[in-house]
Structure formats: structure tokens, C-alpha cells
Amino acid sequence: MNRTVCVIALLWAVAASAAAPPKPVDFQKEVRPILSDACFHCHGNDKTTRMAGLRLDTRDGAFSKRKNGTVIVPKNPQASLLIQRINNSNIDKRMPPVYSHKTLTEDQRATLARWIQQGADWKEHWAFSAPVKVAPPPVKNTEWVRNPIDQFILAKLESQGLAPAPEANRRTLIRRLALDLTGLPPKLEEVEAFVEDKDSNAYEKLVDRYLANPHWGEHRARYWLDAARYGDTHGIHIDNYREIWPYRDWVIQAFNSNMPFDRFTTEQLAGDLLPNPTLDQRIATGFQRCNVTTNEAGIIIDEYDAIYAKDRADTIGAVYMGLTVGCATCHDHKFDPIPSKDFYALGAFFRNTTQNIMDGNASDPPPIVVIPKQEDRPRWDAIQSREATLKEELVNRRKALEGDTGSGRPNARLVMDPNGAIQVETAEERLNLPFTEGLQLGGSPWPDRTALFFGPKSELNLPAVPLDVKQPFTLSAWFYYPKGESTYSIAAQLDTKQKDKTRGWMLFVGGRVVGMRFYGDDGKSMEVRGGHLDQVIPGTWNHLVMTYDGTGAALGVRFFLNKKEIGTQRDVNATIKGNFKVDVPIKLGNPKREDDGAIADFRILGYTLSQQEAALLNPGEPGSLALFNRLRGDEAYQTVSKELHDLDLERRVIRKRGAISLVMEERTDQKPFAHVLYRGMYDQPRAKVDANTPSVLPPMLSSMPHNRLGLAEWLMSQENPLTSRVTVNRFWQQLFGDGIVKTSDDFGSQGEGPVNQALLDWMAVEFRDGGWDVKKFFKLLVTSSTYRQAALTTPEKLEKDPDNRWLSRGPRYRMEGEMIRDYALAASGLLKPTIGGPSVKPYQPAGVWEAVAMEGSNTRNYKEDHGDKLYRRSLYTFWKRSAPPASMEIFNAPTRETCTVRRERTNTPLQALVTMNDEQFVEAARALATRAMESAKTDVDRQLMFVAENLLDRPLEDKEMAVVKVSYKNFLKYYDTQPADAKKLVHVGESKEDGALPTVELAALTMVTNQLMNLDEVLTK
């Protein structure tokens, strides 16, 4: 009887199974990935590689009728050309073709056939549709749910027949929470307090405390600086130092103040374009000044202009859209609907700045802002206000003097006037110079005057006028700039008798930009150049005035070109070495050039000039020279001029003890545009495109300006389907190790689809509609039951959820290099918790920089810091792009030459060598061992427990203690017989060992501590 019942039941089950409808094929998760990987390269968005005019990345293409049939016939796989071609027995006709090196498995072919049989339901790529906040799904285990995140996670687990892991114990929870929210381990007293806290809200209170901790901002900033590709050097060629650390401080403070993410974005992309931007808003724009730059001689400016724009477009694509827009540099994107013109239109937003392509190897290539120390801010602001008032007074005083009479020649140390003859006047004499070979008179900027023209390889020697480094002076020249790109010398006074030890000065034009070069002791030079936007046009007359204030500093040089003051390019800290004073003739012209232009007026004045005075040095307008004399002789005018000069000197002192930061600055003489570059080649420009956003996404509103500010508004708009998704996915990645979309840098067709799209979209809308509140969002994540799970697994979970993508257990993964180093410093008590400030140089193996640096680089030799700087958080470690911090790079830190939103995570023997042998870690082990011995005196068990509790946030179990004690005794035995080794060990690092402690015991405990620091439990979060 029982056997009959069993057979009937079995037959019923088989019949029921056969009658059950097949599981619907998910187009987004199962079909599109197959098409994207195997078909889109030849049948996708890029028309240059599209075969047979067929597209399989669009509905119209996939369901199109061809001369020999229809590509996809819903519910009829046999009639579908797609199925016929992928199953064709003739290898020459089978798709994908052999030469593509792509193949389809039997399962993949079956999936495509089953999808067509079910009706070939087609959906556009999920990421390009707006996220929808659906209601959290129902679940069976409602008691486990703490917030909506848990419902989405639990529903997925229950659908797979899995249950969540139990909640982690309190010691594990506080350690995980402290590391995730601050990047540092909890203090021992915090652990014990939380363990003993019986309040039902104890965990939530703990979350709030860590969110309010200033180290929260540091930890969030570390992730952001990878994305911003922050570095302390330019990155290419000489890789000199650049000063931009105030931008890092801005990021930290923005996170600490819980700046809404939309404002956080707007200020970084376009803070300078906001109405009346503050200093902080301008500092924020350093985000797009973090790209690598160069000053290599011989580069092609247009090429690097394209490189910089590409980098900035790629960064926006990765950080805010999760798209590989750079794949459209040379052709239309092969997998995503991003045509090449859209990529260049996106890059156009960043091609309209005043930044020069060449960085000058300077720490402060403009545009920059000066950031005075906080205590200097009031005086700095007062100086700026007073300067504005004084400049207005100068204008008014000039107007008052314009009606006066009087004339005369300006008081000068030398004047060369070629009107009718080569007339030269100095303080001692007036003479006419002869016309040497190649010199002749010709037309000037003024119809009734002549100028001196220089023929091939000709020059004019003027009497010597010794100029001293400690004395102010002005050079004024009306010159005709000839055609040709080689350096054009306007005037020079150089003593070249000693080889490689030139002394003197030279006023010149190089690369169409004016410049002044001083040669001091041992031929050491200091150069100041005009701004790259203020170029001299070949074949034109120009008036250049250079003033030098006698301070020996690059900041003491100013240029006035054609009546206006222009910006300068120079090393802000540069000074003249020694003196450039020489007693040799002044040379006009350049005998090395075939065509050396002309001079209509040249003079040297023994004082500096204001912009108004400089504009009056015009011999073609006698009234101007007369007014110049009146201004020079007017006591009121000169009193104001002197106060302005004194204020400038005071401002430079304040600036020197403050900081500077690289910023963005928009050009006002044109609108943003670019050219599509054929195959990405800088010298093959095609169609002009205005700044715009990718056409596959909702367009910019008419109210949005087509500049960086409009781009920021568009990125953060409700219509944009990507920004909120991409952002919450990265935040999720920071806590759980992987994003819901694992390829957090690629939400396109080639990226991995979301493992739980409903949850991703719910969070995206929640974050956006919740005011872009970062702290609120993180609190939502860490207070969920999902986050609080223990990292415990089962054989079933390892089989069904091997990578923990469904979160069937708590997160567990190796920490990044910065966290591992900071963990050791914090546990040892060595960490210096100072927030912000310039980058520091802690311990580093010898020769790392020297192996890659070029001669002449100011980051060629690594000079280790001392004192507290050795123990700052890793966030502040000096980041040389061509040689990043070695101990962090071994733990997969990026070079930061390009944007990184997802680090690789590897486990290699080199990493163990760092944590066991690196000076920082050995010293940290000794410091923690010292604290243990000072805490527990001679009680070894208590010492070992102290070390364990500070590293593991829990006491050792009895069996663990037994193992550790054996290790301690073995080390003690060794060092008893090798006291020299013990002494050497406890002297590792700059911090001093406690001389009152027995050296042998300290060495043994140091080694045990070092071993415990290398436990997986310590290195893993």
C-alpha cells in the first residue's frame, strides 16, 4: 500500500514539473550580456566596425527584416536569422565568426532560443532609464527586518532558499563600524563601554558618535581622492611638486560638515562660476586640476590639450555616470550608445579654462588661489579692500592731472630713441650711435616717427647700465615681433665670459609669451613668463613694460602688455641666487635670428611703475609722456603708489606663510567648444561641437548654461538616471567590499548588471530625494540587519553565494593599505590625529623615488620627515605619481595618474613583507609592546592580553593564549642569548624606546606583537 502511494506521488510530481511553465528569461541579466560580449563589436553602436549594416544593440536593428529573413521573430526561434546563424553547421557562416575569437556555449545558444520562444521581450539598457522607488518586497522572516534595505536583501535570500547569518557580537560590530566610518580601530575603552551598554539604542548612539567624529571626513576623503586622482606632483616628465593639498582639506571638511552631495558636486565642478564665489568654493574646483600635467620641452600643445580634456571627461564619466565614455575617443563606443561627437562635446566643458597646457614645472601653475592662515584672513581681506580703494584714488588723481600743462622727458637711466637717428641718453651722456651692418630705420607704430629695424644676424650695443638685485627698476620696450617661433630677444645684458656661469638678465618672447630671465651666481637662473592667454602675435607692434621691485623674488616681477597688466607664470617660491649685476653693454636684437624685428623705443627706469604709469610711456604721444612726468612728480599720486607697493609686500609675506591651491577659471572671451578628433588624433580635427551631455541621457534643460555649472546642474538633476545610482553603489562598495553593480566604474553594456536592481534604485531615489544627505544614507546602511550580520558561512552558502553577492553573511575582506598602516599606528598609540595640512613623508625604502626620477626634479630625492609627521594618517602621505607610496602600492593603491573608483584587491607575499618588516610596522609593534609592559609591569599574561585586546578588540581564548605564550618564550630564549639583536630591534624607528624597560623582554614582546599584527583577523575587516 505504502509503495503504491509513493509511486503515485512520484508520478504526480513529475507531471506537475513537466506542466510548470519554464522560467522567464531575463533579458537584462541573461540575454543582453551575451549580445554585448559576442555581437556588439561588429553589430553595435560603432558604425566604423559595423558589419552588414546590422545592429543588435537596438530594438529596431534586432527585429529588422533582411533580404533573407527577419533577424528575430518573436516566438519562432527556427525562423529567426539570429538562431540560424549561431547554430549554422558551416563554420564560415556561423556567428560569431572565428576571427572574432568569440564563441557561444550551448547554454548561451539555448538561452537565446528560449528567450525568442517566450516572445523576445526587449528592454533598453537598464542604466539609461530613471530609477524607480518600488515598495520593498514582502518577506517571511519579518522579525529580521530593521529597515527597507533588509526587505530587499532578505527577499532575494529567501528566493534562493537561504537565510541570513546571525547578528555579529558587539566586539565585532564596534570594530567593523569604527573601521567603516572612521577608517580607524575603536579604542579599547570604547569597546568595553559598548559591550557593557545595556541601552537598547546603544548601537544607534555609537553610529551617531562615529558619524560626528572628525576622522569620518578623513576616511570618506580617502575614497574620493582616488576618484579625483589627487597627487602632490604633476605626474609627467620631471614630475615636480605641485601645491594643491588645500583641496584635500576642503574634501575632508565637506564630508565632516555633511555638505549635501549635490552641492559637493557643484562646488567641485563649477565653484568658480557660482555668483560671488567664496575662497572655499574656488578651492573646491581643484577637483579638475588634479589631472597629470607636463612641462616637457618638445611636446605638442594641441596633443596635450586633447589629453587633458580626455582625462577630465573620463573622470566625469566614471565618477558621476559610471560610463566608459573614453571608449568613444577614437570612434563611436562599440558597446554603449555614445557617439564620438558626444565624447568631445563632454570634454568641451573643460577646454574653456585659462590654464596653460605647460605647467612650468612650478608648484603653482595658474590659475591659483592664495589661502592665508586663518589668523591672517582678516588682514588679508583688509589689504584687498584697501588696495581697491587706493587704485580708485590713483584713477581719480590721474584724471585731475590730465588737464595740467607741462612736458619734458621722463627721468630715466637709459633711453634709446630711434626717431631719425639712433639716439641714446643716459644719466651721464647723450649720443648718437652709428648704424652697423644690418641696422636701418623704418616705419614705427606712429606715422611721424621712425623705428630701428634689425636685419639678418644684426644687433645694437647700448652703454652699460648696471642693474642690481636689491634695486627696483623698469624696462620698457616698443617692439615689432617678427614671424618665426624661435626665442626672440628684445633686450639683454649678459656676461658670458665664464662657461656655464652666465650672469645678467634678458627680456624676451618665447612661444609667443613674454618673459624675463635673471642669471645670478653660478649661472643659476630665475624666469618669469607672461600668462599663456596673453600671447604676442607675430607681425605686430607691442608695448611691453617689465617692473622689478628689488626683492629678488619672482613675485616682485610684473608685466604690462599693451596697456594692461597680464598674469605671470613662475615658481611662487623662486628667488634670484646672489646678484645679476654686470657691467657689460646692453644688446638689442638677436644675431642668431634671420629676421629680428624692430624697436621703436627702449628705456630703463630706476623705479617701478603702476599700470597707469606704464601705459603712458608712449613717445608717439607727447601728452602721454608729459602726464607721466606729472604723475611721477605728484606727491599725492606717489604717496598712494607707495602705499600700494607696501601693501603688496605685506601681502606677499602673508602669502608665504599661507598656502596656495590650483583652481579652475573659465575663459570669458569665448563659449566652450571642441572639435571631434578623427581616430582621436590631435592633428585631425573634424566637426566643431559645443559643450553638451551624452545624447543617450535626458538633455540639459534650457535653463542650464552650457558650461561647467550647467553640467553640474544636469548631473544632479532628477532627470539624470545615473548619478544617484552610481554614487550609492560606491557607498555600498565602501562598506560591503563590492557594489550592487560590481563594476562600479562601468554601468554600461560591458559592465556587470546589478545583483539587486530594485534595491539599488530604491536607495538611489531615497538618497536623491532625501536631500543628498551622505551621513543619513550611511546611517541607513550601517543600522540595517544586513550590515550587522556575522561573517559566518555554511557549505550551502558557499555553493549558492560563494562571493557573498546576495549578502547571505556579513562582509569580510582585506583592508586597503592606508587602513592597515593607520590601524597599526592607532593600536600602538603612535598615531598623530591632526586633521588637515600639507603632505608628509613617513618612512619609505631607500631608492624608490631615485629609481624613476629625472635629473632636475625637485622630487628626485626622498627626504624623510621627522617627529609627528612620521605618524600622521596615511591620507596625508606625499603622493608622487611616478612612484606612489611603496607600502600602499603593494596593497593595490593606484598611482592616481587617472581616476580610480574601484581598487583591485590582491593577496601577495610582498604584502606580508610590508607588515612584518617595514620600519613603520616594526616600530608600531615595539610601541604597543611598550604600552603593554608599562600597563602590566611584570605580568606577561596581562601584557599579552593587553596587546591582543588592542589589536583584536577582544581577549584571547585560553587555547590562543597558550600558543602566544609559547611564541613569547621562544623569542625570549633567543634574545637572552643575542642581546645585540634585541637592542637593534627595539631601536627601530625614530620614537625612543623606554630605557627603563628590560631590553630582552621588550624585544620578545615586540616580536609577538608583530606576529599578532599579521593575523588575518587584524588585516581583515
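The largest cavity in this predicted model holds about 120 Å³ of space. Its lining comprises 14 residues. R821, P842, Y843, Q844 and S887 lie nearest the centre of the cavity. Two helices, helix 28 (886-889) and helix 30 (919-936), each supply at least two residues of the lining. Helix 28 gives the largest share, with three residues. In total, the count comes to five cavities of 30 Å³ or more.

**Overall build**

The protein has 35 helices and 23 strands. Its C-alpha atoms fill a box of roughly 135 × 90 × 50 Å along the principal axes. Of the 1021 residues, 55% are buried. Contacts between residues at least 6 apart in sequence were also sorted by separation: 69% of them join residues at least 24 apart.

**Salt bridges**

Side chains of opposite charge can pair when their charged atoms come close. The structure holds 68 salt bridges. Three of them are set out here.

| Pair | Closest N to O | Burial |
|---|---|---|
| D549 and R652 | 2.5 Å | both buried |
| R652 and D648 | 3.3 Å | both buried |
| R805 and E752 | 3.2 Å | R805 buried, 13%; E752 partly exposed, 37% |

R652 appears in two of these pairs, with D549 and with D648. What does the bridge from D549 to R652 link? The pair links distant parts of the chain, 103 residues apart. D549 sits in the loop between strand 15 (540-548) and strand 16 (557-561), whereas R652 belongs to helix 20 (residues 635-657). The bridge from R652 to D648 stays within helix 20. These two residues are four apart, about one turn of the helix.

R805 and E752 meet in a salt bridge between loops. R805 lies between helix 26 (795-800) and helix 27 (817-828), and E752 between helix 22 (723-736) and helix 23 (757-769), so the pair ties together parts that are 53 residues apart in sequence. Is each partner buried, partly exposed or exposed? R805 has a relative accessible area of 13%, under the 20% limit, and therefore counts as buried. E752 has 37%, which falls between 20% and 50%, so E752 is partly exposed.

Salt bridges also build a network. Through shared partners, R222, D226, E816, E818, R896, R903 and R905 are joined into one.

**A buried asparagine**

N291 lies in the loop between helix 14 (279-284) and helix 15 (301-321). Its relative accessibility is 0%, so N291 counts as buried. The N291 side chain makes a polar contact of 3.0 Å with the side chain of R312. Leaving aside residues up to four places away in sequence, N291 touches R229, H234, R242, Y308, D311, R312 and R881.

**Sheets and strands**

Seven strands form an open sheet, ordered 9-19-11-12-13-14-18, with antiparallel pairing. Strand 9 (460-462) and strand 18 (568-569) stand at the edges; each has a single partner strand, so one side of each lacks a neighbour in the sheet. Within this order, strand 12 (residues 503-510) and strand 13 (residues 513-519) pair antiparallel over seven bridges. W505 stands opposite F518 in strand 13.

Elsewhere, strand 3 (residues 368-371) runs antiparallel to strand 21, joined by four bridges. V370 stands opposite I660 in strand 21. In a regular strand the side chains alternate between the two faces of the sheet. Are the faces of strand 21 (residues 659-662) covered or open? Both are covered. A659 and S661 are buried on one side, and I660 and L662 are buried on the other.

**Helix 24**

How many of the nine residues of helix 24 (residues 774-782) are buried? Seven are, and the helix is mostly covered. The buried residues are V774, K775, F777, F778, L780, L781 and V782. D773 acts at the start of the helix: one of its side-chain oxygens reaches to within 3.3 Å of the backbone nitrogen of K775.

Definitions and conventions:
Residues numbered from 1 in each chain as written. Predicted model: local features only at pLDDT ≥ 70, side-chain atom pairs only at ≥ 80, totals over all residues. Heavy atoms only, no water. Salt bridge = Lys/Arg side-chain N within 4 Å of Asp/Glu carboxyl O. Buried < 20%, exposed > 50% of the residue type's maximum accessible area, 1.4 Å probe, protein only. Pairing = 2+ DSSP bridges. Polar contact = N/O pair within 3.5 Å; in protein donor to acceptor, adjacent residues only side chain to side chain. Contact = heavy atoms within 4.5 Å. 1 Å grid on protein atoms, 1.4 Å probe; cavity = no way out; pocket = protein on both sides within 12 Å on 5 of 7 lines; lining within 4 Å. Points joined across faces, edges and corners; volume = space filled by probe spheres on them.
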